[in-house]
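I opened a new page for this one and wrote down what I looked up, in the order I looked. Here is what went into the notebook.

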Amino acid sequence: MKMNKIGLLVCMASASLMLNVSNTYAVNGVDLTGQQKVYIESEDWGPAISKTVITLNGSVDASSLDAVDFEVAETKMVTDWTSLNFDIVSYTTQREIIEVYLSDNEGGQIDENSGSIITIEMSVDPSTGNAFNYSMVDSLNHWCEAPVWIFPW
């Protein structure tokens with residue numbers, strides 16, 4: 001089975017509930033363009049990126065969407081708790097993908113054979129998917145600059 005690569009970059013820089021990003025994606029060897037929305041939900045420990053909705057300018061088959069074919073890497077600036085100065089450093093971690101499916105523009109799953117909107121749901125915890133970084137320098141939470149890379153191989 002031939003896997004295709006999609007690279008999406010999401011930069012969180014504000015307290016918005018949704019962020020929109022335009023990119024080009026390769027799906028089944030065809031270049032598509034689209035918009036990506038990142039949903040931030042409220043957890044008892046703070047805001048978390050739980051899913052992303054991607055609206056493409058072309059159609060994809062529902063049968064071609066499988067979570068095992070996707071990889072999401074999150075790179076963001078975090079506090080280094082092992083540093084005496086609590087330095088802010090770049091940290092990359094792999095996100096656990098729960099499900100990938102065709103959806104409506106709000107991320108609600110639809111029962112269709114093909115469509116132009118897909119949703120990727122991811123697990124969250126206080127370290128992974130957290131949209132805040134706590135700073136020991138000023139004792140405040142700050143919005144992370146968090147690029148999220150999504151790859152189906």
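Before counting anything I fixed my terms: helices (H or I, at least four residues) and strands (E, at least two) are DSSP runs, numbered from the N terminus. With that settled, I read along the sequence and got β-β-β-β-β-β-β-β-β-β. That is ten strands and zero helices.

A note on ground rules. This is a predicted model, where local features need pLDDT of at least 70 and side-chain atom pairs count only at pLDDT 80 or more, while totals for chains, interfaces and linings use all residues. Residues are numbered from 1 along each chain as its sequence is written, and side-chain values use heavy atoms, with hydrogens and water left out.

**Entry: the whole chain**

I looked up burial next (buried means under 20% relative accessible area, exposed over 50%, partly exposed in between, with a 1.4 Å probe and protein chains only). Of the 153 residues, 43% count as buried. The protein exposes about 8200 Å², and carbon and sulfur atoms supply 51% of that. These areas come from the Shrake-Rupley method with a 1.4 Å probe; for residues, only the protein chains shown count as cover.

Then I checked contacts, meaning heavy atoms within 4.5 Å. Among contacts with a separation of 6 or more, 56% are between residues 24 or more positions apart.

**Entry: the core**

I went looking for the largest nonpolar core (a set of buried Ala, Val, Leu, Ile, Met, Phe, Trp, Tyr and Cys residues joined through side-chain atoms within 4.5 Å). Which of its 15 residues touch the most other members? I noted Val 60, Leu 65, Phe 70, Ile 97, Val 100, Ile 118 and Ile 120. At least two residues of this core come from each of strand 2 (30–43), strand 3 (46–61), strand 4 (70–79), strand 6 (97–102) and strand 7 (114–122). Strand 3 gives the largest share, four residues.

I picked Leu 65 for a closer look. Leaving out residues up to four places away in sequence, Leu 65 touches Val 60, Phe 70, Val 100, Tyr 101, Leu 102 and Ile 118. In the margin I wrote the general rule: in soluble globular proteins, nonpolar side chains tend to be buried together.

**Entry: salt bridges**

My cut-off here is a side-chain nitrogen of Lys or Arg within 4 Å of a carboxyl oxygen of Asp or Glu. I found two salt bridges in the structure. In one, Glu 74 pairs with Lys 76, with the closest N and O atoms 3.5 Å apart. In the other, Glu 74 meets Arg 95 at 3.2 Å, N to O. That second pair links distant parts of the chain, with Arg 95 in strand 5 (residues 88–95) and Glu 74 in strand 4, 21 residues apart. So I logged Glu 74, Lys 76 and Arg 95 as a network of salt bridges.

Are these charged residues buried or exposed? Glu 74 and Lys 76 are both buried. Glu 74 has 1% relative accessibility, and Arg 95 counts as buried too because its value is 5%.

**Entry: rings**

I let rings of Phe, Tyr and Trp (its six-membered ring) pair if their centres lie within 6.5 Å; planes under 30 degrees apart count as stacked, over 60 as edge-to-face and the rest as tilted. The search gave me three aromatic pairs. Trp 81 and Tyr 134 are stacked, because their planes are at 10°, with the ring centres 6.4 Å apart. Trp 81 lies in the loop between strand 4 and strand 5 and Tyr 134 in strand 8, so this pair ties together parts 53 residues apart in sequence. Phe 132 and Trp 143 are edge-to-face, at 4.9 Å centre to centre and 65° between the planes. I also noted that ring pairs link Trp 81, Phe 86 and Tyr 134 into a cluster.

**Entry: surface and odd angles**

Trp 81 and Tyr 134 turned up again, with Met 136, in a nonpolar surface patch of about 310 Å². Patches are made of residues with over 30% relative accessible area and no salt bridge; like charges are joined within 9 Å, nonpolar side chains (Val, Leu, Ile, Met, Phe, Trp, Tyr) within 5 Å. Tyr 134 is partly exposed at 33%.

Last, backbone angles. Most residues other than glycine have a negative phi. Phe 86 has a positive phi near 50°, and Ser 139 has one near 55°. Ser 139 is in the loop between strand 8 and strand 9 (140–143).
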